[in-house]
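Me: I should like to understand the terms used for this structure and what each of them rests on. Please explain them one at a time.

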Amino acid sequence: MIQLIRGFKDILPGESELWQHIETVARNLFEDFGFSEIRLPILERTELFKRSIGIDTDIVEKEMYTFPDRKGDLITLRPEATASVVRSYIQHKLYAADPVQKLYTIGPMFRRERPQKGRYRQFYQINAEVFGVDSPLMDAQMIFMLTAFFSRLCVTDVTAHINSLGCPECRPDFKAALSDLLKSKKDQLCENCTRRSKKNPLRVLDCKATSCREAMADAPSIIDYLCPDCASHFETVKATLEKQNVPFIINKQLVRGLDYYTRTTFEIQTGSLGAQNAVAGGGRYDGLVKALGGPEQPAIGFAIGFDRLVEITDLKDAGLENRPDIFIAALGEQSISAASTWAGDLSLSGIKTEMDMSGRSLKSLMKRADRLNARHVLIVGENEIKEGAVTLRNMETKEQLSISIKGPIDDLVTNIKEKFGS
Ligand code: HAM
């Protein structure tokens, strides 16, 4: 038997209802905050990710699914969506209509990481990105919207961590201080970090290797190096979050794994997922639009890890299961034939209908109705057809009602709807 590729997974009925529910909550909330959906391709030119995420990052160095297409062009299954959103914003000159664009996108991403709980090679993200606003009030609003999203899903074991990574003006001083420390600790660094430490010392700060973590325990904090503009930007983000009653922790270690960030960065972390504790992450990337060939436009965004969110969302009581309102148990050829046309009309009228066409006995049909957890069973036997009335059985109360089938089908649908109403 051919099996799934390692790190990939199927989302089966029973679970897909929760995915749909989460997606609906995200769409409704983001649209209320003025966001519009953008749908993007899954394949992009490899260059796009190299130039945005950065060539010294884990994602670009080791995790991308990159291959030449038949003409030899290097293409990559997107490891994240921000680069594509920026590409699209520039390519379609979305800024010309209005530099402020609020976009969201939902879909699969691909990273060839070592699979484990909460970490997959194909995973899903819900992204929101805002272009054209540099005000720190927008940073606070994004974090506010993100935390509201978790509240709407009743996910409570989450904490917002925030940090500032400064800007091209203040970061060089911080990098210089970090490089000095790295030089003195060079024997403790892992192979990757030894190589990266000269070009991109910031990456050492989020290396997971124990020796690097120990070496970085007393690393300087970028917050102490912020220029006056970045410092005041960060102060306003914090003050606004406080005003909006959004609890947060300042996490000076939060450098994020992608190179494009400037100023505010944030993560939503949970205690319920073990090592893979980030359920969402994001931040400002004021230089990226320009770096990818667009106009100078600030931007900020985040991505929610959909798979991880599903693992910590408990909506057992939300009535999400996809169960039939009516299961039609038709007995005998004539009844099956008549009822099969009703089944379509009932479904069209918005009543979730399932019909068994196998011609099995009433006992086995009732068993199947039970298995599907049907709310009602419509019993249609040869006698019922002759007498012009079918039986609707409520599977919870066991109450039975007789419904006339003498009139046109609309009458049957209306009658059933009325019975549901009662
Ligand atoms: P990221 O931190 O790489 O950021 O990913 C965001 C979220 O995606 C993570 O917090 C995690 O929940 C989920 N995630 C990442 N990798 C995996 C995986 N292998 N399996 C399951 N879930 C995973 C970004 O991707 C940025 N583009 C976020 C952003 C948007 N920044 C600005 N705008």
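Reply: Domain bounds come from an automatic or database domain assignment. The model is predicted, and its assignment gives domain 1 (16-170 + 226-312) and domain 2 (326-421). Taken over C-alpha atoms, the centres of domain 1 and domain 2 are separated by 49 Å.

Me: What makes β6 and β11 a pair of strands, and in which sense do they run?

Reply: Two strands pair if at least two bridges are found between them. Strand β6 (residues 122-131) and strand β11 (residues 299-305) have 7 bridges, so they count as paired, and the sense is antiparallel. Within this pairing, E129 stands opposite G301 in β11.

Me: Why are β1 and β8 called edge strands?

Reply: They belong to an open sheet of 8 strands with the order β1-β5-β6-β11-β10-β9-β7-β8 and mixed pairing. Strands β1 (36-37) and β8 (248-250) each pair on one side only, and are the edge strands.

Me: How do you know which way helix α1 runs with respect to β6?

Reply: The angle is taken between N-to-C directions, on a scale from 0 to 180 degrees. Helix α1 (residues 16-32) runs at about 5 degrees to β6, so the two N-to-C directions are close to the 0 end of that scale. The helix lies across β1, β5 (101-110), β6 and β11.

Me: What makes β2, β4 and β3 an open sheet, and what are the edges?

Reply: These 3 strands are joined in the order β2-β4-β3 with antiparallel pairing. The edge strands are β2 (43-45) and β3 (65-68), each pairing on one side only. From one strand to the next, the twist averages 35 degrees. As for the bridges, β3 and strand β4 (residues 74-77) have 4, against the at least two that pairing requires, and therefore they are a pair. Y65 stands opposite L77 in β4. Helix α2 lies across β2, β3 and β4, and runs at about 75 degrees to β2.

Me: How do you know that β15 pairs with both β14 and β16?

Reply: The bridges decide, with at least two needed for a pair. Strand β14 (residues 376-380) and strand β15 (residues 389-394) are joined by 4 bridges, and β15 is joined to strand β16 (residues 400-404) by 5 bridges. Both counts satisfy the criterion, so β15 pairs with β14 and with β16, antiparallel in each case. Toward β14, V377 stands opposite R393 in β15. Toward β16, T391 stands opposite S402, and V390 stands opposite I403.

Me: What lies between β15 and β16 in their hairpin?

Reply: The hairpin has 5 residues between the two strands, and K398 in the turn has a positive phi of about 70 degrees.

Me: What makes a residue part of the lining of the second largest pocket?

Reply: A lining residue has an atom within 4 Å of a point of the pocket. The second largest pocket holds about 560 Å³ of space. Its lining has 31 residues, and P168, Y260, Y261, T262 and G287 are the closest to the centre. At least two lining residues come from each of α2 (46-53), α7 (171-184), α9 (202-205), β9 (262-270) and α12 (288-291).

Me: How do the residues of that lining divide by character?

Reply: The lining of the second largest pocket has 13 nonpolar, 6 polar and 12 charged residues. Tyr and Pro count as nonpolar and Gly as polar, so P168, Y260 and Y261 fall in the nonpolar group and G287 in the polar group.

Definitions and conventions
Residues numbered from 1 in each chain as written. Predicted model: local features only at pLDDT ≥ 70, side-chain atom pairs only at ≥ 80, totals over all residues. Heavy atoms only, no water. 1 Å grid on protein atoms, 1.4 Å probe; cavity = no way out; pocket = protein on both sides within 12 Å on 5 of 7 lines; lining within 4 Å. Points joined across faces, edges and corners; volume = space filled by probe spheres on them. Contact = heavy atoms within 4.5 Å.
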